[in-house]
Structures are given as C-alpha cells and as structure tokens.
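Please work through the exercises below on the pockets of the structure shown here.

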Amino acid sequence: MTKRIIALTGGIATGKSTVANYLASAYNLPIFDADIYARDAVSIGSPILKAIAQRYGEQILLPDGNLNRQKLGEIIFQNQQERQWIEDLIHPYVANCFLQAIATSTAETLVFVIPLLFEAKMTYLVTEIWVVSCSETQQLQRLIQRNHLHPEQAQARIQSQLPLAEKISRADVVLNNSSTPESLLNQVDVAFQKNTNLS
C-alpha cells in the first residue's frame, strides 16, 4: 500500500507547529520537520557550515563554532541573492532526509512540516498539501511576539516567502487559523478523517 504523506505548510507564524503537535498527539502520526533537518545541515563540522563560513567569514559563527543564526538572518532576509545561495545548499540536503524518512518509516501516514514546500520545489515528496493560514495582521502580530522582532524585520521575513494566497491556491486542504485554537483543531479532524476515507 502506498503511504499517505501530508505536507504541512503555510506562512511563517500561521500555526503549523500547533497542527503538527495535534496530529502527533491525537492521531499518533510521525512528524518530520524540515527546520530540524535544516539545522542538522549546518551542524558543527558539516560541509554546508564550512561553505557558509568561507562565504561570510568567521564572524558568521558563534564562539562555540555553531552558526550565528541571527547574523545569517540579517543577511539573507535583506538580500534575495544570498538567500537563494543558502537555500540551494540546504534544500537538497533536506529533501534527501525526507526521502530517507519515506524509505525507512513503517507508518502508513507521515506528516512532513515543510514551511518552504513550494519555494524549495518539494511537492513531489508528498501525496497531499495542507496550508495553515491566518490574516496578514495576525501573522505579523504573532511573528513579532514570537520572535521579538521589530515590525519591519517581521515584514521582511513574511515577504521573503511566497505569498500566502498563492500557497492557498495550490493546497488540497486549507486550515484557517484566524479564530480559536478549537476551531483550528476541528478543521484538522475533518481534513484528516475525510482524506483517510479516500485512501
């Protein structure tokens, strides 16, 4: 039987983690997260971290040798070319991790949390696409609060991604996270059970 592979995506700070945590706790589904793989890609001693240090100099590293994410963020969220360079290094590594998960997991349904699903052209990995959305105002407020950013910094991060409307237009399921957490989780239940019946 072919696996059911749900891609969970959406804009930054729209509520992807909330949905992923719920799918794990309520349905016991294994969650595989692109952000975790992306962190592994730049772990100390990795070829990708060495390439980043060569490009930006040793000041891109923390005293303990780890990547200074804040400093890198300042570079790539202001510069489209530099962001593209970083993504071209990291996305193939992340995609390979997902392919290994598909090959080795015994679960019938897998959840892949991939914030940059469309940008990284990883839709070929999954069987259905769920987009978590909310209003632009909510997204901005949540991001400012969560990451302690200035409004301009938060706006730059939102604008670095594909517009949410475009992600919604390419989704199989849209989860609207504009009201209460209960409302969001009810939508998750409906989407999961409805598509379970199709498989």
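The exercises treat two pockets in turn, each with a worked solution.

The model is predicted, with local features needing pLDDT of at least 70, side-chain atom pairs counting only at pLDDT 80 or more, and totals for chains, interfaces and linings using all residues. Residues are numbered from 1 along each chain as its sequence is written, and side-chain values use heavy atoms, without hydrogens and water.

**Exercise 1.** Describe the largest pocket and its lining.

Step 1. The largest pocket has a volume of about 1,300 Å³. A pocket is an open set of points, on a 1 Å grid over the protein atoms alone, where a 1.4 Å probe fits, with protein on both sides within 12 Å along at least five of seven lines; lining residues have an atom within 4 Å of a point. The volume is the space filled by probe spheres set on the points, which are joined across faces, edges and corners.

Step 2. The lining has 41 residues, of which Ile12, Asp35, Arg39, Phe77 and Pro115 are the closest to the pocket centre.

Step 3. Helix 5 supplies the largest share of this lining, six residues. Helices here are DSSP runs of H or I with at least four residues, numbered from the N terminus.

**Exercise 2.** Describe the second largest pocket and its lining.

Step 1. The second largest pocket has a volume of about 260 Å³.

Step 2. Its lining has 14 residues, and Glu136, Gln139, Ile158, Pro163 and Leu164 are the closest to its centre.

Step 3. Helix 6, helix 7 (151-159) and helix 8 (164-169) each give two or more residues to this lining; helix 6 gives the most, with four residues.
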